[in-house]
Every structure is written in structure tokens, then in C-alpha cells.
Number of protein chains: 2
Amino acid sequence: MFDKFMEMEPEKRERIVQAATKEFALKGYKNASTNEIVKEAKISKGLIFHYFNNKKQLYLHLYDYLTEVIVTEYLGKLKNDEPDFLKKMGQAALVKLELFRKHPMIFKFFLTAYVETDPEVREEVAGRNQKMVETNYPKIYEGVDYSNIREDIDKEKAVSMIIWALEGYANSKSGVFRNMTEKEFGDMIVEISSYMDILKKCFYKSN
Amino acid sequence: MFDKFMEMEPEKRERIVQAATKEFALKGYKNASTNEIVKEAKISKGLIFHYFNNKKQLYLHLYDYLTEVIVTEYLGKLKNDEPDFLKKMGQAALVKLELFRKHPMIFKFFLTAYVETDPEVREEVAGRNQKMVETNYPKIYEGVDYSNIREDIDKEKAVSMIIWALEGYANSKSGVFRNMTEKEFGDMIVEISSYMDILKKCFYKSN
DNA sequence: GCACTATTGACTACAGTGGTCAATAGTGCT
DNA sequence: AGCACTATTGACCACTGTAGTCAATAGTGC
């Protein structure tokens with residue numbers, strides 16, 4: 001069923017994926033309308049039920065597919081040989097921003113899915129999300145060295161605060177993100193590195 | 001109309017406010033159902049349209065009412081004579097957590113309202129929010145002294161990062177918040193102050 | 001031209017919506 | 001008691017939108 005879907009004309013398939021992603025992202029599982037999806041994707045009503053038996057299967061297959069797309073791209077771009085914790089975090093933040101810029105709707109989809117409450121899919125989504133975290137988060141922190149962090153502060157707390165600071169920066173930009181020019185994106189990278197410098201001054205040994 | 005509503009039997013009024021808050025908070029403007037609200041509030045369908053001509057007025061009056069409740073309580077609890085920036089931020093974070101714990105649904109309501117997209121109320125909500133920020137944010141930062149921040153880092157960036165760190169902490173707790181005992185809440189306050197100590201060590205002059 | 005799959009879109013049965021309104025209950029006043 | 005007035009009820013309505021079906025058609029490869 002889903003195999004058939006993956007084998008269809010890629011252009012049309014991509015239209016369907018994008019339409020469904022957008023609809024579920026903006027309205028959540030229950031209020032997303034299959035009618036809207038087929039209208040946006042410019043296919044007939046019947047076709048979507050030919051490839052996916054029902055709305056639930058469409059949603060879950062889409063969830064899996066988008067997870068794979070993002071995880072693959074994320075891990076692909078993340079350098080694996082950066083031991084310094086701060087540099088690694090800075091790099092991870094950049095990669096995330098890049099991906100967020102490239103796939104805003106997919107990120108919105110996962111944000112919506114994360115707070116999904118409809119009983120028809122709630123558990124399935126939570127399970128998939130947990131599994132994804134367990135599988136991939138360790139890969140990010142693998143081989144990272146925390147020994148540069150100041151001795152006089154709790155390492156774990158320092159790590160959390162650094163992550164929160166970078167998250168806060170990303171959130172503060174998320175509104176103006178979509179219409180950012182290449183130059184503005186470049187400026188942002190410079191700005192991030194100035195934040196990284198501050199973090200280094202504050203949380204690292206001053207050697 | 002709304003005056004009449006405020007004069008009705010407080011217990012019943014509170015039932016209506018809570019039911020409407022919950023429904024709009026969980027489903028957003030469009031998908032919130034007046035039928036559900038009256039069912040939850042244990043009143044008849046007609047009554048809600050007796051006090052509020054239509055769904056839109058109900059929503060906007062509720063928005064204004066809840067804004068006043070939260071703003072009044074927040075400013076009332078916030079000490080006005082704390083000049084030290086870090087202490088003030090720590091105190092503001094605590095007050096926010098306290099309020100969040102006391103009124104989780106109201107916070108959820110505003111979170112949902114913040115991303116409201118329905119054209120019927122979108123502009124009104126955005127306008128109200130902007131006005132509220134303009135009116136009240138200056139009150140928080142009034143008379144605060146930033147001179148203790150280290151000279152070798154950009155003050156504005158330091159301020160942002162401190163705020164982001166505290167926000168990050170609050171977010172990390174927001175999941176386990178509702179079922180927190182009094183003791184756990186106390187532990188959390190201790191934990192916050194240990195984070196505050198770290199922030200002080202990192203961002204303040206070391207004198 | 002046959003066998004097969006991909007695709008269409010009108011159609012259905014249904015669930016749920018915001019809002020109405022005639023009827024009733026309750027309250028305070030004379 | 002009886003009048004005037006408001007608070008409250010809930011059956012009802014016209015309407016919108018839903019997920020999913022299915023007979024019919026288009027397209028493709030042999």
C-alpha cells in the first residue's frame with residue numbers, strides 16, 4: 001500500500017506529501033481535512049484512499065516518512081568529529097536552523113504532533129517520538145567532551161543552561177525566519193558565534 | 001451585556017468562565033464548541049447567547065477578562081523595589097511559575113490565542129496582546145539596575161541569555177507541573193536559586 | 001484489443017455547528 | 001395574590017463539513 005505510494009510519479013507524490021504535511025501541521029489530526037488535502041494536492045478524493053486505507057494510516061505513514069527525512073538530513077549534516085561541547089552545540093544549533101529554514105512546515109507538523117491529543121493517534125505518536133529520541137539523541141552527544149566547563153559550577157546544570165540559551169535564541173528568530181534573505185541568514189550566523197563567545201567566557205575555564 | 005454577566009451568581013459565572021477557557025484553550029477559536037461549553041458549565045444553550053450575543057463576543061470578552069486576572073495577580077505579587085537585575089528576574093520567574101501552577105488552563109488559553117489564525121478573531125487578539133505587552137512589560141523592568149553585569153560581555157546579549165535560561169528551565173518543568181506536591185514545589189524553588197547562583201557566577205562581575 | 005492498474009468525482013450517511021425562540025421558572029413589588 | 005420583569009431552558013433549524021465508497025473511465029504494457 002505505502003510501497004505503491006512510494007513508487008508513484010515523484011512529482012505528484014511530493015504534492016501529496018506537502019499538502020498533507022501542511023494540513024496536519026496547521027490543524028492537527030482531527031481537524032485536518034482529507035478534502036482539503038486532495039484539493040491542495042490536485043488529486044481526486046478516491047486516490048488518497050487508494051494509497052492509504054484511511055485517514056489514520058495516512059497520518060502515521062506521513063509521520064514516519066517525515067521523521068526519516070529530517071533525521072537523515074540532520075545527522076548527515078552534523079559533523080561527527082567535534083569533541084568540544086560548546087562548538088558541537090553551536091554547530092547543532094546551526095544545522096537545526098538550516099533545516100528549520102528549509103522545511104518550516106515539517107517542523108510545524110512535528111510541533112503540532114507533539115501536542116496531539118486525539119485518542120485515535122495520541123499513543124502511536126508518543127511512542128514513535130520516544131523511540132526516535134532514544135535512537136538519535138545519543139548519537140549527537142556521542143564522544144563529546146565536557147572537561148572545559150568551569151570546575152566551580154555544576155556541569156549538568158551548565159549544559160542545560162547552554163542548551164536553553166541556544167534554544168531561546170532560535171525561538172526568538174523563529175518568527176522572522178521564513179522571509180530571511182541569504183544575507184540576513186549570514187548575519188545570523190555571525191550573531192550566533194558572538195553568543196557562543198559569551199557562553200565560552202561565562203561557562204568555560206578561563207585558562 | 002457583559003456587565004450583566006459579571007453581576008450574576010458568582011459560582012455559576014465561574015463555571016462558565018472555566019468551561020469556556022478550557023474549551024478555547026484546547027481547541028482554538030474555531031473548533032471550540034459552544035455546545036461543549038454549555039454542557040461543561042451545566043447551563044442551557046440559550047443562556048450563553050443571552051449574556052454574549054455570539055461566539056466571537058464570548059471569546060473576546062473572555063480574553064479581556066483573563067488578561068486582567070493574570071496581569072493584576074502578576075503585578076501584585078512582583079516586588080517593585082528589587083533593583084538587582086538577576087534577583088528581579090529570578091523573582092519574576094518564580095511568580096510566573098506560581099501563577100502557571102495556579103491557573104494552568106488560563107496559560108494554555110493564552111498560548112493557544114497567541115497562535116490563533118482564524119480570521120474572525122486574529123487581528124483583535126493580536127492587537128490586544130500587543131497593547132498588553134506595551135502597557136505592562138515596562139512596569140517589570142522599571143528601575144532595574146544592570147551595572148553588575150560583567151564589563152567584558154555585551155549587556156543586552158547577557159540579559160537575553162539569562163532570560164532564555166530561565167525560560168528554558170520553566171519549560172523543562174511545565175510537563176510535570178500540574179501534579180506537583182507542595183514539597184516538590186519547594187524543591188523546585190531551591191533548584192531555581194542554585195541556577196541563579198550559577199548565572200551570577202557567570203554573568204556578574206566577580207568582585 | 002485484452003487485462004490490468006491508476007484515477008476520477010459524484011455521492012452518502014452522518015455528526016456537529018452557531019444561533020433562535022417560544023415557553024417556563026423565579027424574583028421583587030404593590 | 002397578581003403583575004411585570006428578567007433569567008433560564010432546551011428542542012429545533014438550516015447549514016457546513018466530514019471520512020469514506022464505488023461505479024465508471026483513462027491509461028499502460030503486452
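Guide: A polar contact is a pair of N or O atoms within 3.5 Å, and this cut-off is applied here to a predicted model.

Visitor: What makes the approach of G46(B) to DNA strand D a polar contact?

Guide: A backbone N or O atom of G46(B) lies 3.3 Å from a base oxygen of DNA strand D, and a pair of such atoms within 3.5 Å meets the definition, so the approach is called a polar contact.

Visitor: Why is the pair formed by K45(A) and DNA strand D called a polar contact?

Guide: Here a polar side-chain atom of K45(A) is placed 2.7 Å from a base nitrogen of the strand, which is again within 3.5 Å, and therefore the pair qualifies. For A32(A), a backbone N or O atom lies 3.0 Å from a phosphate oxygen of DNA strand D, so this pair also satisfies the cut-off of 3.5 Å.

Visitor: Which elements give two or more residues to the surface near DNA strand D?

Guide: They are α3 (34–41) and α4 (45–51) of chain A, together with α4 (45–51) of chain B; α4(B) gives the most, with five residues. By class, the residues of this surface divide into six nonpolar, eight polar and five charged.

Visitor: How do you know that zero salt bridges cross the interface of chain B and chain A?

Guide: A salt bridge needs a side-chain nitrogen of Lys or Arg within 4 Å of a carboxyl oxygen of Asp or Glu, and across this interface the rule finds zero. Between the two chains there are, however, four residue pairs in polar contact, both residues being at pLDDT 80 or more, while the area buried between them is about 2000 Å², 73% of it on carbon and sulfur atoms.

Definitions and conventions:
Residues are numbered from 1 along each chain as its sequence is written. Chains are lettered from A and ligands numbered from 1 in the order in which they are written. This is a predicted model: local features need pLDDT of at least 70, side-chain atom pairs count only at pLDDT 80 or more; totals for chains, interfaces and linings use all residues. Side-chain values use heavy atoms; hydrogens and water are left out. Buried area is the accessible area (1.4 Å probe) that two parts lose on being put together, summed over both. A polar contact is a pair of N or O atoms within 3.5 Å; within protein, one must be able to donate a hydrogen and the other to accept it, and residues adjacent in sequence count only if both atoms are side-chain atoms. Helices (H or I, at least four residues) and strands (E, at least two) are DSSP runs, numbered from the N terminus. Ala, Val, Leu, Ile, Met, Phe, Trp, Tyr, Cys and Pro count as nonpolar, Asp, Glu, Lys and Arg as charged, and the others, Gly among them, as polar.
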